[in-house]
Amino acid sequence: MKKLIQLLSMMIVLVVIGGLFSACEGPEGPEGPAGKNGVAALATCDNCHDVDTELKARMLQYAASTHALGGNFERSTASCAPCHTHEGFVNVLATGETGDISNPTPPGCRTCHNIHTTYTVDDYALTATAPVELAVGGKTYDAGKSNLCANCHQSRPLTLPEFNDADFEITSSRFGPHHGPQANVIMASGLVEIPGSKDYPTTSNKHAGTGNGCVDCHMAEAYGVQAGGHSMAVAYEYHEETVLNDAGCVDCHDDGATKLEDYKVEMQALMTEISAKLVEKGLMTESGSAVTGTTTGKLASALLNYRTIAIEDKSFGVHNPKYVRALLTNTLESLK
């Protein structure tokens with residue numbers, strides 16, 4: 001009972017003290033400045049995900065592209081992953097190192113763009129912009145936004161034959177550059193300049209000096225999801241005919257489509273003759289595979305040039321027209 005009385009007494013004292021302090025409260029001060037307005041949670045998303053359909057168009061184009069559908073992203077071991085998988089590419093950019101990738105995915109938006117890094121339009125900035133020193137031939141590719149492309153669209157390291165070598169060993173049926181040596185062709189780097197009737201150009205390739213190289217031609221105004229834009233295709237099928245998307249050509253070529261078709265016919269004729277000669281001399285099979293064994297530097301050079309342009313670059317020489325015309329002409333002459 002005594003303890004209860006003591007506890008009640010203490011509570012009464014605390015109530016009285018509280019009342020004394022509250023009674024000492026002064027007058028209310030002036031109103032402070034207004035705070036910043038609140039920001040809607042989705043406000044930053046609207047920088048990119050607004051009512052415009054441009055982003056959707058790009059996504060649809062990319063979904064139809066060879067990069068998304070035909071890049072063989074299951075090739076995810078250390079030597080292949082940097083170019084065949086999203087994870088391998090970004091790992092090399094971040095660390096300079098490669099390794100096997102588990103659960104790989106194909107290249108996508110975040111491979112090339114800094115998506116959801118700043119949550120602003122700066123997220124469209126490219127993940128790689130520095131000039132690229134080519135692994136074969138020693139030249140440097142530097143053409144604006146397309147520097148990103150050159151990281152992968154170049155030949156993997158290989159030993160080039162010397163035209164005058166007495167012997168050269170071909171050790172693989174896939175002799176030559178790995179798939180996609182477009183940067184090498186554009187820069188005339190990593191091929192063998194066989195002497196012949198055609199002089200090799202002394203001026204730079206105009207297609208390398210368009211400002212953004214690959215991007216200016218392959219990502220020109222889109223034709224639906226079939227060509228241009230993020231589909232990156234330069235032609236499409238229409239009523240069983242192949243149609244050039246010349247949106248990236250017309251600024252420089254008034255009659256680009258006609259010139260291109262004439263040039264392709266000329267180059268195809270040269271490649272057909274070279275192919276027949278290489279098969280005849282036992283250097284290549286009918287299907288285009290190299291025949292392994294020891295040959296001369298002269299013949300190995302012809303085989304390398306043919307496989308680079310006809311099988312791997314796949315532009316009929318359009319990536320570097322004057323250079324490829326000289327290269328194929330002289331290559332054919334060396335086989336006669």
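These exercises, each with a worked solution, explore a predicted model of one protein chain.

## Exercise 1: The chain as a whole

Describe the protein chain by its secondary structure, its burial, its contacts and its surface.

**Solution**

Step 1. Start with the secondary structure. The protein chain has 12 helices and six strands.

Step 2. Turn to burial. The protein chain holds 336 residues, and 32% of them are buried.

Step 3. Look at contacts between residues at least 6 apart in sequence. Of these, 59% join residues at least 24 apart.

Step 4. Finish with the surface. The accessible surface comes to about 20300 Å². Carbon and sulfur atoms account for 57% of this surface.

## Exercise 2: Cysteines, bonded and not

Find the disulfide, and explain why Cys45 and Cys249 lack such a bond.

**Solution**

Step 1. Set the cut-off. Two cysteine sulfur atoms must lie within 2.5 Å to count as a disulfide.

Step 2. Apply the rule. The count comes to one disulfide. The bond joins Cys83 to Cys152, with 2.2 Å from S to S.

Step 3. Find the handedness. The angle about the S-S bond is -95°, and the link of Cys83 and Cys152 is left-handed.

Step 4. Place both ends. Cys83 lies in helix 4, residues 81–84. Cys152 is in the loop between helix 7 and strand 3, so the pair ties together parts that are 69 residues apart in sequence. Cys83 is partly exposed, at 37% relative accessibility.

Step 5. Test Cys45. The closest cysteine sulfur is in Cys48, 8.8 Å away, which is too far for a bond. Cys45 is also partly exposed, at 32% relative accessibility.

Step 6. Test Cys249. The closest cysteine sulfur is in Cys217. The gap is 5.9 Å, again too far for a bond.

## Exercise 3: Two buried residues

Locate Thr308 and Asn147, check their burial, and list their contacts.

**Solution**

Step 1. Recall the cut-off. A residue is buried when its relative accessible area is under 20%.

Step 2. Place Thr308. This residue is in helix 11, which covers residues 297–313. The relative accessible area of Thr308 is 2%, so Thr308 is buried.

Step 3. List its contacts, leaving out neighbours within four places in sequence. Thr308 then meets Pro177, Pro181, Val185, Leu191 and Asp313.

Step 4. Place Asn147. This residue belongs to helix 7. The relative accessible area of Asn147 is 1%, so Asn147 is buried.

Step 5. List the contacts of Asn147, not counting residues up to four places away in sequence. They are Thr129, Ala130, Pro131, Val132, Tyr141 and Asp142.

Step 6. Add a distance. Asn147 and Ala128 are 19 residues apart in sequence, and their C-alpha atoms are 7.3 Å apart.

## Exercise 4: Arg325 and its partners

Is Arg325 buried or exposed, or in between, and which residues does Arg325 touch?

**Solution**

Step 1. Find the element. Arg325 sits in helix 12, residues 321–335.

Step 2. Read the accessibility. Arg325 has a relative accessible area of 24% and is partly exposed.

Step 3. List the contacts, setting aside residues up to four places away in sequence. Arg325 touches Lys198, Tyr263, Glu266, Met267 and Leu270.

Step 4. Take one partner. Glu266 is 59 residues from Arg325 along the chain, yet 8.7 Å separates their C-alpha atoms.

## Exercise 5: The second largest pocket

Give the volume of the second largest pocket and describe its lining.

**Solution**

Step 1. State the volume. The second largest pocket has about 400 Å³.

Step 2. Go to the lining. There are 20 lining residues, and the closest to the centre are Arg156, Ser172, Arg174, Gly176 and His178.

Step 3. Name the elements. Strand 3 and helix 11 each give two or more residues to this lining. Strand 3 gives the most, with three.

Step 4. Sort by class. The lining has seven nonpolar, seven polar and six charged residues.

## Exercise 6: Positive phi

What are the phi values of His239 and Lys314, and where do these residues lie?

**Solution**

Step 1. Recall the usual case. Most residues other than glycine have a negative phi.

Step 2. Take His239. Its phi is near 50°, a positive value. His239 lies in the loop between strand 4 and strand 5. His239 is exposed, with a relative accessible area of 65%.

Step 3. Take Lys314. Its phi is near 65°, also positive. Lys314 lies in the loop between helix 11 and helix 12. Lys314 is exposed, with a relative accessible area of 62%.

Note on methods:
Residues numbered from 1 in each chain as written. Predicted model: local features only at pLDDT ≥ 70, side-chain atom pairs only at ≥ 80, totals over all residues. Heavy atoms only, no water. Helix = DSSP H or I, 4+ residues; strand = E, 2+ residues; numbered from the N terminus. Buried < 20%, exposed > 50% of the residue type's maximum accessible area, 1.4 Å probe, protein only. Contact = heavy atoms within 4.5 Å. 1 Å grid on protein atoms, 1.4 Å probe; cavity = no way out; pocket = protein on both sides within 12 Å on 5 of 7 lines; lining within 4 Å. Points joined across faces, edges and corners; volume = space filled by probe spheres on them. Nonpolar A, V, L, I, M, F, W, Y, C, P; charged D, E, K, R; others polar. Areas by Shrake-Rupley, 256 points an atom, 1.4 Å probe, with all protein chains shown as cover.
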